Structure formats: C-alpha cells, structure tokens
Amino acid sequence: MSYQPAPGMHEPGHQPGAAQAPAKPQSIRLAELLMYAGAVVTLIGGLAGLFGDRDAIREAVRTQLEATGQNVTAADLDTAVSFSLVTTGVLALVFAGLWVLMARLNAKGIGWARIVATILGAIGIINTVMAVAASGLMPGTAAGGVIGLILQLITGAIAVAVLVLLWRQDSNSFFAARARR
C-alpha cells in the first residue's frame, strides 16, 4: 500500500527550500568532450615527440647549442636529446592532465575553473599562433615538424571552440546558477 504525503507536506528525503542542481547545458557537455579530446591530442603530440626522428632532434639541439657559441660534444648532444625527450613526455602528461582536470571542474560548473581554463586556452592559442609563425621562419624545425604543427593547429582549434562554448549565454547561466547553490 502506498501513502501520499499530506497536503503541504513533501516526499520523504525532500528538503524544503533546497535548490535543484541546474541542468548542464549542451554547450558545457560539448566543451567537456572537446577538453577530453584536447588531452588525447596532447598525449599523441607527446608520443610523436618521444618517438619522432631522433636525428632531427639531435641536429636541432646541435644547431641551438652551436648558435650560443658552445663547444658541442657527442656526450653533450646525447644528454641534451635525452633531457629534451624526458621533458617532452612529462609536459605532455602534465598538459593532458590539465585538460582532463579542467573538463571535470567546468562540467561541475565551478567558476574559478572556467577562469583558469580561459587563461590556459588563451596561452594555448597564442602558442599555436607562434608555432605557425615559427614554421614559416624555420620550415621543418618549428613545433616538431609537420606532424607537430598539425597537432598544434588541432589543439589550438579545440582551445578556441572550448572558450567559445564556456562563455556562451547558456554556459553563463549554468555557472551563475551553480555559484548561487
């Protein structure tokens, strides 16, 4: 037998005055998915850097060291190339982690995460513009070659799309409603 609540009473477990969580708009869902895609592209770029043409990396490092007037030995080159590869792997993991963290926090409507995502996105877009400009100045060496440049362009496009989605009117309403809770 089922009982109905008395007039003026609420269902068990219902707390009067408790605000309902605002529904996540489609723009935030899409931004979240794009941020996960950004993490994947970042990891692919890191792997491409790790398993890329070591001779090209070695030559780029040699050129950079010699441009500073340093005497370059084979051991110095090996150390610099190894350091470059380890740094590439670590940075790819850190940046992919930031994409995932921002996706999760923005999906929850956390306002400060939207600001951080905006700052990181703007930095990423500037980095993309600089990579494209550098590729015109030094073809084949900037941004890890053609594959690196393509991945950089994809990441930059994702960043632009995410920023547009995070600042749409329905997203603004979502973040404002979450802030009031």
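Begin with the aromatic rings: in this predicted model, a search of the whole structure turns up 1 aromatic pair. Select F174 and F175, whose rings make up that pair in an edge-to-face arrangement, with 5.6 Å from centre to centre and 75° between the planes. A pair of aromatic rings is described by exactly these two quantities, the distance of the centres and the angle of the planes. If you switch on a surface while these residues are selected, keep in mind that both F174 and F175 are buried.

Next, select N106, which belongs to helix α3, the run of residues 74-107. Is N106 buried or exposed? N106 counts as buried because its relative accessibility is 1%, and the cut-off for that label is under 20%. Show what surrounds N106, and, once its neighbours within four places in sequence are left aside, you will find contacts with I28, M35, A113, R114, A117, L166, F174 and F175. The two rings from the opening stop, F174 and F175, are therefore among the residues that N106 touches.

From N106, move to R114 and look at its backbone nitrogen, which lies 3.2 Å from a polar atom of the N106 side chain. Then follow the side chain of R114 outward to its charged end, which sits over the ring of W167 at 3.7 Å from the ring centre.

Now select L166, another of the contacts of N106, which has its place in helix α5. L166 counts as buried because its relative accessibility is 0%. Not counting residues up to four places away in sequence, L166 touches I28, A31, M35, N106, R114, A117, S171, N172 and F175. For a view of how the chain folds back on itself here, measure from L166 to R29, since the two are 137 residues apart in sequence while their C-alpha atoms are 9.9 Å apart in space.

L166 also leads into the largest nonpolar core, which has 20 residues and in which M35, W99, M102, V162 and L166 have the most contacts. Colour the helices to see where this core comes from: α1 (26-50), α3, α4 (111-137), α5 (145-166) and α6 (169-180) are the elements that give it two or more residues. Which helix provides the largest share of the core? That helix is α5, with 6 residues. Within the core, select V162 and, leaving aside neighbours within four places in sequence, you will see contacts with A31, L34, M35 and W99. Apart from this core lies another one of 5 residues, among them V72, L77, V81 and L85.

Stay on helix α5 and select A157, which is found there too. A157 has a relative accessible area of 47%, which is why it is classed as partly exposed. Its C-alpha atom is separated by 9.6 Å from that of G124, a residue 33 positions apart from A157 along the chain.

Finally, zoom out to the whole protein, which contains 6 helices and 0 strands and reads along the sequence as α-α-α-α-α-α. Of its 181 residues, 28% are buried. Among contacts with a separation of 6 or more, 75% are between residues 24 or more positions apart. With the surface shown, the accessible area comes to about 11,500 Å², and 68% of it belongs to carbon and sulfur atoms.

How values were computed
Residues numbered from 1 in each chain as written. Predicted model: local features only at pLDDT ≥ 70, side-chain atom pairs only at ≥ 80, totals over all residues. Heavy atoms only, no water. Phe/Tyr/Trp six-rings, centres within 6.5 Å; stacked < 30°, edge-to-face > 60°. Buried < 20%, exposed > 50% of the residue type's maximum accessible area, 1.4 Å probe, protein only. Lys NZ or Arg CZ within 6 Å of the ring centre and 35° of its normal. Helix = DSSP H or I, 4+ residues; strand = E, 2+ residues; numbered from the N terminus. Polar contact = N/O pair within 3.5 Å; in protein donor to acceptor, adjacent residues only side chain to side chain. Contact = heavy atoms within 4.5 Å. Core = buried A, V, L, I, M, F, W, Y, C linked by side-chain atoms within 4.5 Å. Areas by Shrake-Rupley, 256 points an atom, 1.4 Å probe, with all protein chains shown as cover.
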